[in-house]
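This report introduces one protein chain to a reader who has not met it before. Please keep the sequence and the structure at hand while reading.

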Amino acid sequence: MAISVVKELLRNFVKEARELYISDEVPYLEQPIPPLDFYREWISPNKPCIIRNAFNHWPALQKWDFSYLREVVGSKEISVAVTPNGYADAVHEDRFVMPEERHMRLSAVLDLMEEKPGGSGVFYVQKQCSNLTEELPELTGDLEPHIPWMSEALGKRPDAVNFWLGEAEAITSMHKDHYENLYCVISGEKQFILLPPSDRPFIPYELYQPAKYHQKEDGSFEVVDVTDADKVPWIPLDPLKPDLGRFPEYRFAQPLHCTVRAGEMLYLPSLWFHHVQQSHGCIAVNFWYDMEFDIKYNYFQLLEALSQAARPLGGSRGRHPQPETGAL
């Protein structure tokens with residue numbers, strides 16, 4: 001089959017998906033709904049929503065500010081991502097560059113965010129290994145260990161519960177995750193750009209040599225290659241300023257924009273592409289529930305393969321994109 005025919009079929013597929021189930025904006029729920037209803041109306045059709053009044057009963061919502069964190073867990077050492085420009089796990093020139101991972105007392109991170117000296121880099125607490133329970137267990141009493149109605153809907157507990165604290169300059173590049181994600185903003189706000197899995201034909205992937213940032217003694221950063229590592233498939237496009245000359249098919253994408261504010265919860269379905277910004281000092285917690293690797297995943301893999309076949313529609317050089325997880 002000619003590539004032009006595949007491209008046309010894919011564009012028609014995306015158009016039909018938008019007509020069938022994708023809204024022009026992310027809907028709001030004023031409160032959580034029964035687990036079975038949530039599964040039927042949101043999880044099964046793979047649709048995002050913002051839920052209000054879902055965790056008003058958490059003490060964290062009233063307690064968690066810099067003063068409280070400094071008092072309760074200020075002396076704890078945590079993993080912190082440090083970059084020169086705020087982009088951790090992102091394409092920089094011809095590399096996929098990961099942050100320098102530094103172990104610091106949380107109080108030192110808070111000091112930097114309150115009175116940051118010039119040229120010290122951008123700091124983001126974003127370790128995605130259930131860092132809330134593993135590194136800051138003293139805070140777990142201020143919230144629930146899982147979201148009961150979500151756990152009932154999915155028949156499982158979350159794989160990870162993550163704590164996020166970052167500067168306004170910390171930006172998450174476009175990526176997707178293989179999780180059903182409940183993202184709870186405790187203070188500040190997060191700005192999301194979302195693209196459904198059905199828009200995959202318009203989203204470019206390329207293969208990159210993995211590397212890491214390293215801050216030198218003079219305060220500058222260098223990029224150091226990770227040796228003996230496979231190339232990483234990643235999205236080189238920045239949705240804030242997309243290069244349509246390089247990635248012309250992205251003009252067919254229709255991203256959704258939403259802001260999640262303190263006290264609100266975003267349900268981010270599995271395989272949705274997302275790019276994230278935040279207000280300075282934003283504090284959040286998210287719950288990652290492993291997705292079901294069922295026929296829908298199988299269909300998405302077929303879409304990946306067709307997007308590959310229709311290059312440059314898919315934009316990836318040389319290998320089928322694999323699962324990726326980035327910072328939120």
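## Residue E189

In which strand does E189 lie? The model is predicted, and in it E189 belongs to strand β12, which covers residues 189-195. Is E189 buried or exposed? Neither word fits: E189 has a relative accessible area of 27%. Because buried means under 20% and exposed over 50%, E189 counts as partly exposed.

Neighbours within four places in sequence are set aside here. Beyond them, E189 is in contact with T259, V260 and R261, and also with Q277, Q278, S279 and C282. L112 serves as a further reference point: 77 residues separate L112 from E189 in sequence, and their C-alpha atoms are 20 Å apart in space.

## The chain as a whole

The chain holds eight helices and 19 strands. Its C-alpha trace spans about 65 × 55 × 30 Å along the principal axes. For 328 residues, a compact globule would be expected to have a radius of gyration near 20 Å, and the value for the chain, 20 Å, agrees with this.

Of the 328 residues, 54% are buried. Among contacts with a separation of 6 or more, 83% are between residues 24 or more positions apart. The chain has an accessible surface of about 14,400 Å², and carbon and sulfur atoms contribute 49% of that surface.

## Helix α2

Which residues of helix α2 are buried? Within this helix, which runs over residues 35-43, they are P35, F38, W42 and I43. These four lie on the same side of α2, because the arc they cover around the axis is only 70°.

Several elements pack against the buried residues of α2. The strands are β1 (28-29), β2 (49-52), β11 (179-187) and β17 (264-268). The helices are α7 (148-154) and α8 (295-309).

## A nonpolar patch on the surface

Helix α8, one of the partners of α2, also contains L306. The relative accessibility of L306 is 34%, so this residue counts as partly exposed.

Which residues form a nonpolar patch on the surface? L306 does so together with I295, Y299 and L302. The accessible area of the patch residues together is about 400 Å².

Methods. Residues are numbered from 1 along each chain as its sequence is written. This is a predicted model: local features need pLDDT of at least 70, side-chain atom pairs count only at pLDDT 80 or more; totals for chains, interfaces and linings use all residues. Side-chain values use heavy atoms; hydrogens and water are left out. Buried means under 20% relative accessible area, exposed over 50%, partly exposed in between (1.4 Å probe, protein chains only). Helices (H or I, at least four residues) and strands (E, at least two) are DSSP runs, numbered from the N terminus. The arc is that of the directions from the helix axis to the C-beta atoms. Contact means heavy atoms within 4.5 Å. Patches are made of residues with over 30% relative accessible area and no salt bridge: like charges are joined within 9 Å, nonpolar side chains (Val, Leu, Ile, Met, Phe, Trp, Tyr) within 5 Å. Accessible areas come from the Shrake-Rupley method with a 1.4 Å probe; for residues, only the protein chains shown count as cover. A salt bridge is a side-chain nitrogen of Lys or Arg within 4 Å of a carboxyl oxygen of Asp or Glu. The radius of gyration is taken over C-alpha atoms; the globule rule is 2.2 Å times the number of residues to the power 0.38.
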